[in-house]
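Student: I have a chain in front of me and would like to go through it step by step. Can we begin with one residue and then move to the whole chain?

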Amino acid sequence: MSQENVTPAATTAARTLFRAALGGVLVAHGSQKLFGWFGGGGIEETSKGMHAMGFRPAKTSAMLAGLGEAGAGLALALGFATPVAGAAAATTMGVAASVHAPNGFFAMEGGLEYPAVLGLAATSFAIGGPGRVSLDALTGHVLDRPWMRAVAVTAIPVAIAVQVYRRRKALAEDNTPTSEAAPAEEASI
């Protein structure tokens, strides 16, 4: 006797609804950075913020963050190239969570709660796939193979670590006094 009381149709509907909602949130979030929509700053203002947070080059970082959110969000919403889309969104949100981490957990205090949950949700689709109602299913899962999922999920922590390292290095260089960075004798060379 099975204890399962959820039908396959309900599972498909829930997965599709959650994937589309997650994708929509990410598209809106990235559109703030890219286009200034929904009260966002657009590329110029986002670039200034990225520079202040230690992301270099700032404009490239702003564009990549916006594309990592909006582009990956659109692909997730459609269920297209789901492993790559999930990994791109998870990486972008993981880096954002690292920026918010010093503020604690809760979003109300500027903490990592919101980007961490978005990143984990995106990771779940990179692992589990988009479901039956998706462009990946429609195309025979050409861009959604099990090996692609494994590679994508493995790449997430590596990509986050690289970005966090680069950011910390840039911030450390920003805080290094000029006299320490280039001694007087070397400065004249």
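Student: In which helix does Thr12 lie?

Tutor: Keep in mind that this is a predicted model. One helix covers residues 8-35, and Thr12 lies in that helix, H1.

Student: Is Thr12 buried or exposed?

Tutor: Buried means under 20% relative accessible area. Thr12 has 16% relative accessibility, so Thr12 counts as buried.

Student: Which residues does Thr12 touch, not counting residues up to four places away in sequence?

Tutor: A contact needs heavy atoms within 4.5 Å. With residues up to four places away in sequence left out, the residues that Thr12 touches are Arg132 and Val133.

Student: What share of the contacts in the chain with a separation of 6 or more comes from residues 24 or more positions apart?

Tutor: Take the contacts in the chain with a separation of 6 or more as the total. Of these, residues 24 or more positions apart account for 63%.

Student: How many helices and how many strands are there in the chain?

Tutor: From the N terminus on, the elements run α-α-α-α-α-α-α-α-α. The count of strands is zero, and the count of helices is nine.

Student: What percentage of the residues in the chain is buried?

Tutor: The chain has 189 residues. The cut-off for buried is under 20% relative accessible area. Buried residues make up 35%.

Student: How far apart are the centres of the positive and negative side chains?

Tutor: The chain carries 13 positive and 13 negative side chains. The distance between the centres of the two sets is 10 Å.

Key. Residues numbered from 1 in each chain as written. Predicted model: local features only at pLDDT ≥ 70, side-chain atom pairs only at ≥ 80, totals over all residues. Heavy atoms only, no water. Helix = DSSP H or I, 4+ residues; strand = E, 2+ residues; numbered from the N terminus. Buried < 20%, exposed > 50% of the residue type's maximum accessible area, 1.4 Å probe, protein only. Lys, Arg positive; Asp, Glu negative; His and termini not counted. Charge placed at Lys NZ, Arg CZ, Asp CG, Glu CD.
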